[in-house]
Structure formats: structure tokens, C-alpha cells
Amino acid sequence: MEDYKRRMLIEFQDLENKCANLSSFIISNLKYEQSSNEIQLLLRNQLRYMEGYRQCLYDRIMLTVTKEEMEEFDNEVKKD
């Protein structure tokens with residue numbers, strides 16, 4: 001697999017985790033609820049833009065990474 005494809009897959013995984021963590025923070029963290037409206041708005045905007053970027057990466061992956069390359073990557077990740 002070409003390096004740029006591997007980097008894209010790694011970046012997608014990382015972004016997936018970051019989106020999940022930020023979403024969880026927004027939904028259930030007292031610090032979020034105690035933040036000012038401006039901070040809450042910025043955090044929600046940040047999540048929305050991160051999700052948009054994640055979708056863009058997903059679309060690029062679907063267009064450029066083959067099923068075999070995806071399986072190869074998944075096997076590498078399982079080894080780590």
C-alpha cells in the first residue's frame with residue numbers, strides 16, 4: 001500500500017476517536033455545561049467541522065483504497 005493511503009487511514013482512525021471523545025464531552029461532561037455559551041458554541045462548531053473533515057477523508061478512502069489494502073491495514077492495526 002502506498003504511504004499516503006496508510007497515512008489517510010491512520011488520520012481517519014485518529015479523527016474518529018477525537019470526534020467520539022469530543023462528542024462524549026459535549027453530551028455528558030459537567031465542565032461543558034458550566035462553560036459559557038460562546039465556548040459551548042465553539043466546541044459544537046469544532047465537532048461539526050471535524051465530522052465534515054472525517055467525511056471528506058472517508059470519501060477519499062472509498063475512492064482510492066482497495067478492499068485488499070483496507071484488509072491489509074486492518075491486519076497491521078490488529079498486530080499493534
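Visitor: Which residues does Phe12 touch, not counting residues up to four places away in sequence?

Guide: Bear in mind from the start that this is a predicted model. In it, Phe12 touches Arg54, Leu57, Tyr58 and Ile61, once residues up to four places away in sequence are set aside. Phe12 itself lies in helix 1, and Phe12 is buried, with a relative accessible area of 17%. The C-alpha atoms of Phe12 and Tyr53 are separated by 9.1 Å, although these two residues are 41 residues apart along the chain.

Visitor: Which residues of helix 1 are buried?

Guide: It helps to begin with the general idea: an α-helix has 3.6 residues a turn, so residues three or four places apart point the same way. Turning to this structure, the buried residues of helix 1 are Lys5, Met8, Leu9, Phe12, Leu15, Cys19, Leu22 and Ile26. What covers these buried residues includes helix 2 (30-34), helix 3 and helix 4 (67-79).

Visitor: What span should the 26 residues of helix 1 have, and how far apart are its end C-alpha atoms?

Guide: At 1.5 Å a residue, helix 1 should span 38 Å, and its end C-alpha atoms are 37 Å apart, which agrees with that expectation.

Visitor: Which residues touch the most other members of the largest nonpolar core?

Guide: The idea behind a nonpolar core is that buried residues of certain kinds are joined through their side-chain atoms. In this model the largest such core has 15 residues, and Leu22, Ile26 and Ile61 touch the most other members. Two elements, helix 1 (3-28) and helix 3 (37-64), each give two or more residues to this core, and the largest share, seven residues, comes from helix 1. As for Leu22, its contacts are Leu43, Gln46, Leu47 and Met50, again not counting residues up to four places away in sequence.

Visitor: Why is there no disulfide between Cys19 and Cys56?

Guide: To count as a disulfide, a pair of cysteine sulfur atoms must lie within 2.5 Å. The cysteine sulfur closest to that of Cys19 is in Cys56, and because the distance is 13 Å, the two are too far apart for a bond. By this rule the count of disulfides comes to zero.

Visitor: Is each of these cysteines buried, partly exposed or exposed?

Guide: Here the relative accessible area is what we read, and under 20% a residue is called buried, whereas over 50% it is called exposed. Cys19 is buried, with a value of 2%, while Cys56, with a value of 40%, is partly exposed.

Methods:
Residues are numbered from 1 along each chain as its sequence is written. This is a predicted model: local features need pLDDT of at least 70, side-chain atom pairs count only at pLDDT 80 or more; totals for chains, interfaces and linings use all residues. Side-chain values use heavy atoms; hydrogens and water are left out. A nonpolar core is a set of buried Ala, Val, Leu, Ile, Met, Phe, Trp, Tyr and Cys residues joined through side-chain atoms within 4.5 Å. Buried means under 20% relative accessible area, exposed over 50%, partly exposed in between (1.4 Å probe, protein chains only). Helices (H or I, at least four residues) and strands (E, at least two) are DSSP runs, numbered from the N terminus. Contact means heavy atoms within 4.5 Å. The expected span of a helix is 1.5 Å times one less than its number of residues.
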